[in-house]
Amino acid sequence: MLVSFFIFVVVTVLCGVVTAKDERQLTTSIDSTACREGSQVCDNVGTNGYGNIEAGACNGDGACSYAGYGGHATVGSNSCQQEFACYEIGHGGYATIGSESCVGSYACTDLGRQGKIIEIGSNSCNCDDCCMCLGDSNYAVPDNSCNKLGAEECCKSSTEKGSKATSSKKYSLKLISIAISD
C-alpha cells in the first residue's frame, strides 16, 4: 500500500511538472504539409495545451481535431491518415504517435485522454479501429505492431482488447520521463 501511494505521488508530481512546462515553454506547431486533406482536420490542435504535427500527417475528416487539447500530443510524419484517425488524442492527457502510424479510420481515436499516457511506435496501429480500444489506460505500443484487429493483436475490436494489450506502470513512468524531456 505504501509503495502504491509513493508511485501515485511520483506520478502526480511528474504530471504537474509536465503541465507547467507545457504552459511555459512549448508552442504548438503544425508542419506546412500536414492537415491538408479533409474537413476540420486539425481544428483546435494544442488549444490550452501542446500539439506538434509533423510533415504529411493528419489527413482525413477530423483526423487530428482536438489533439493535445488541454494536454500534449505529438504526431510523427505521415501518421493519422483517414477520417478521425487520431481524433482527440492527448486531450487532457499525453499521446505520442510515431511516423507512419495510425493509418485507418478511427485507428487511434481517443488515446491518451483525461490523464492517460500512450505512446504508439512507428509503423503501428495501421488499420481501421486498430488501437482505439486502448483509450482507457496507459500503454506503449512498439514499432511495427498492432496493424490488424484480432485476438492476438492489441485490439480484437474498437472496444475489446486483444492479448498484446498490456497496461504497465513501467511504461507510464517511462513515458512521463519522456514528456518531461521534450
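**Exercise 1. Find the aromatic cluster, starting from Phe84, and work out how its rings are arranged.**

Start with Phe84: its relative accessible area is 25%, so it is partly exposed. Keep in mind that we're working with a predicted model.

Next, look for a partner. The ring centres of Phe84 and Tyr106 sit 5.5 Å apart with the planes at 20°, so this pair is stacked. Phe84 belongs to the loop between β3 and β4, while Tyr106 belongs to the loop between β4 and β5, so the pair ties together parts 22 residues apart in sequence. Tyr106, at 31% relative accessibility, is partly exposed.

Now widen the search. The structure has four aromatic pairs. One of them is Tyr66 with Tyr87, an edge-to-face pair at 6.2 Å centre to centre and 80° between the planes. Here too distant parts of the chain get linked: Tyr66 is in the loop between β2 and β3, Tyr87 is in the loop between β3 and β4, and they are 21 residues apart. How exposed are these two? Tyr66 comes out partly exposed at 27%, and Tyr87 is partly exposed at 24%.

Last step: put the rings together. Tyr66, Tyr69, Phe84, Tyr87 and Tyr106 make up one aromatic cluster.

**Exercise 2. Decide whether Asn59 and Glu153 are buried or exposed, and list what surrounds them.**

Take Asn59 to begin with. You'll find it in the loop between β2 (50-53) and β3. Its relative accessible area is 10%, and the cut-off for buried is under 20%, so Asn59 is buried.

What does Asn59 touch, leaving out residues up to four places away in sequence? The list is Cys35, Arg36, Glu37, Val41, Cys80, Gln81 and Gln82. Zoom in on Arg36: its backbone nitrogen is 3.0 Å from a polar atom of the Asn59 side chain.

Then move to Glu153, in the loop between β6 and α2 (169-181). Relative accessibility is 11% for Glu153, so it counts as buried too. With residues up to four places away in sequence set aside, Glu153 touches Cys146, Asn147, Lys148, Gly162, Ser163, Lys164 and Ala165.

**Exercise 3. Locate the largest nonpolar core and say which strands feed it.**

A bit of background: nonpolar side chains tend to be buried together in soluble globular proteins.

Here, the largest nonpolar core counts 37 residues, and Cys58 and Leu134 have the most contacts inside it. At least two residues of this core come from each of β3 (72-75), β4 (94-97), β5 (117-120) and β6 (139-141).

Check the surroundings of Cys58, again skipping residues up to four places away in sequence. Cys58 touches several cysteines, among them Cys35, Cys42, Cys64 and Cys80. Its other contacts include Val41, Ile53, Ala63 and Val75, along with Arg36, Ser79 and Gln81.

**Exercise 4. Step back and describe the whole chain.**

First, count the elements: two helices and six strands. Going along the sequence, they follow the order α-β-β-β-β-β-β-α.

Second, how many of the residues are buried? Of 182 residues, 46% count as buried.

Third, check the reach of the contacts. Taking contacts between residues at least 6 apart in sequence, 22% join residues at least 24 apart.

Finally, look at the surface. About 8,400 Å² is exposed, and carbon and sulfur atoms supply 52% of it.

Notes: Residues are numbered from 1 along each chain as its sequence is written. This is a predicted model: local features need pLDDT of at least 70, side-chain atom pairs count only at pLDDT 80 or more; totals for chains, interfaces and linings use all residues. Side-chain values use heavy atoms; hydrogens and water are left out. A nonpolar core is a set of buried Ala, Val, Leu, Ile, Met, Phe, Trp, Tyr and Cys residues joined through side-chain atoms within 4.5 Å. Buried means under 20% relative accessible area, exposed over 50%, partly exposed in between (1.4 Å probe, protein chains only). Helices (H or I, at least four residues) and strands (E, at least two) are DSSP runs, numbered from the N terminus. Contact means heavy atoms within 4.5 Å. A polar contact is a pair of N or O atoms within 3.5 Å; within protein, one must be able to donate a hydrogen and the other to accept it, and residues adjacent in sequence count only if both atoms are side-chain atoms. Rings of Phe, Tyr and Trp (its six-membered ring) pair if their centres lie within 6.5 Å; planes under 30 degrees apart count as stacked, over 60 as edge-to-face and the rest as tilted. Accessible areas come from the Shrake-Rupley method with a 1.4 Å probe; for residues, only the protein chains shown count as cover.
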